[in-house]
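Work through the following exercises with the coordinates open beside you. Each task sentence is followed by a solution that proceeds step by step.

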Amino acid sequence: MLPRPLDILAIAAHRDDVEQTCGGTLLKMAQRGHRTGILDLTQGEMGTRGTAEERAREADRAARILEVCWRQALDIPDGRVENTWENRLKVARVIREQRPRVVILPYWQGRHPDHYTASTLGYEACFLAGLAKLDTGASPLPDADVLPRAGNPQDVPPDPAVTPHRPFKIAYATLYYDVRPTFVVDITEQFETRLQSLLAYKSQFTDQEAGKDDFPAQAEIRARIEAMARFYGMLAGVTYAEPFLQKEVGLVEDLTLIPVKSI
Ligand SMILES: [Zn+2]
C-alpha cells in the first residue's frame, strides 16, 4: 500500500519546536479528521539536557499526545542547520513522499539561527519538490508499482517517492518572534493537551540542575505558555490561540461571514 498523503506537515529545526509553536493547531486539525505530520530537521544531540535517544522517545510520546500520523527526524546536525543543496534535497524527498497540502514552517526571523534557517530551507525544499525534472535521489518505494505495464499507462500508480509534489499552502508559525500574525488558530479546547505534549519532553522540562540558568522552572514554563496563548487568543476574541502568518492576502466570498469582531 502506498502511504496516504498528509493534509498538514509541520517542519521545524528541533524536537519540541512544533509542540511550542503549533502543537495545539496540529491536534485540532487531527481532531477534525485531517492527517497531520511532523518533520524535525535535527535530532537534538547538542542540547544541554538529555541525549538524542531520550529526545527521540519523548518526541514519539509527544506525537501520540498530538494525534499526529507521522513523525520523523532528519540527520541534519543540531546547531548547524544550513540551507545547502543537500539539505534541501533531504526535505524535498520528504515533501514528495508525504505529499502534504499544507506545510507549516517556522517564521523567517528569530533569535536561533536554526529556526530562521529552517524557514528558508523548508520553503526552498517545497519549491524544489515540485520541479518535474528534479531527481532528489530517492529510491522508488519497494511496494510501488513503477514499471510500465502492457496496456494503459494510466493504470500505473504514481510512486510518491519520485513524483513531483508542491504543497498548496505554506503558513509560518510565528510564536518565537514578535511579529503581528495574519491569522490565529483558536486552541482553547486543545490548550491543556498541547501543554502536556511539551511536558512529555521530560529531559528538557523537568526541574533539574543542568542548564538551570537557560531553562525556566516548570511552573514558569506553564505560566509563559499560557500568557502567550492568551495574548494571541485575545487578538481574536477567544481564550487561547496560536499565531501564524501567510504571505498571501486573504480571499473573502461573503463579507458577513468574516470572523473576529472589529468594534
Ligand atoms: Zn528550537
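Rings of Phe, Tyr and Trp, with the six-membered ring taken for Trp, form a pair if their centres lie within 6.5 Å; planes under 30 degrees apart count as stacked, over 60 as edge-to-face and the rest as tilted. The model examined here is a predicted one, and by the ring criterion the structure holds six aromatic pairs.

**Exercise 1.** Classify the ring pair formed by Y107 and W108, and state how far each of these residues is buried or exposed.

*Solution.* A pair of aromatic rings is described by the distance of the centres and the angle of the planes. For Y107 and W108 the centres are 4.3 Å apart and the planes stand at 40 degrees, so this pair is tilted. Turning to accessibility, buried means under 20% relative accessible area and exposed means over 50%, with partly exposed in between. Y107 has a relative accessible area of 8% and is therefore buried, while W108, at 32%, counts as partly exposed. As a last step, place the two in their surroundings: Y107 and W108 belong to one aromatic cluster together with Y172 and Y177.

**Exercise 2.** Classify the ring pair of F183 and F244, and determine which strands this pair ties together.

*Solution.* The ring centres of F183 and F244 lie 5.4 Å apart and their planes meet at 10 degrees, so the pair is stacked. F183 is located in strand β6, which covers residues 183-186, and F244 in strand β7, which covers residues 241-245, so the contact ties together parts that are 61 residues apart in sequence. The accessibilities complete the description: F183, with a relative accessible area of 32%, is partly exposed, whereas F244, at 2%, is buried.

**Exercise 3.** Decide whether the radius of gyration agrees or disagrees with that of a compact globule, and describe the fold as a whole.

*Solution.* Begin with the expected value: for 263 residues a compact globule would have a radius of gyration near 18 Å, and because the protein has 19 Å, the two agree. The C-alpha trace spans about 65 × 55 × 30 Å along the principal axes, and the protein contains eight helices and seven strands. Next, consider the contacts with a separation of 6 or more, of which 81% are between residues 24 or more positions apart. Buried residues make up 47% of the 263 residues, and of the accessible surface of about 14200 Å², 54% belongs to carbon and sulfur atoms.

**Exercise 4.** How many positive and negative side chains does the protein have, and how far apart do the centres of the two sets lie?

*Solution.* The count gives 32 positive and 37 negative side chains, and the centres of these two sets lie 3 Å apart.

How values were computed
Residues numbered from 1 in each chain as written. Predicted model: local features only at pLDDT ≥ 70, side-chain atom pairs only at ≥ 80, totals over all residues. Heavy atoms only, no water. Helix = DSSP H or I, 4+ residues; strand = E, 2+ residues; numbered from the N terminus. Rg over C-alpha atoms; globule rule 2.2 N^0.38 Å. Buried < 20%, exposed > 50% of the residue type's maximum accessible area, 1.4 Å probe, protein only. Contact = heavy atoms within 4.5 Å. Areas by Shrake-Rupley, 256 points an atom, 1.4 Å probe, with all protein chains shown as cover. Lys, Arg positive; Asp, Glu negative; His and termini not counted. Charge placed at Lys NZ, Arg CZ, Asp CG, Glu CD.
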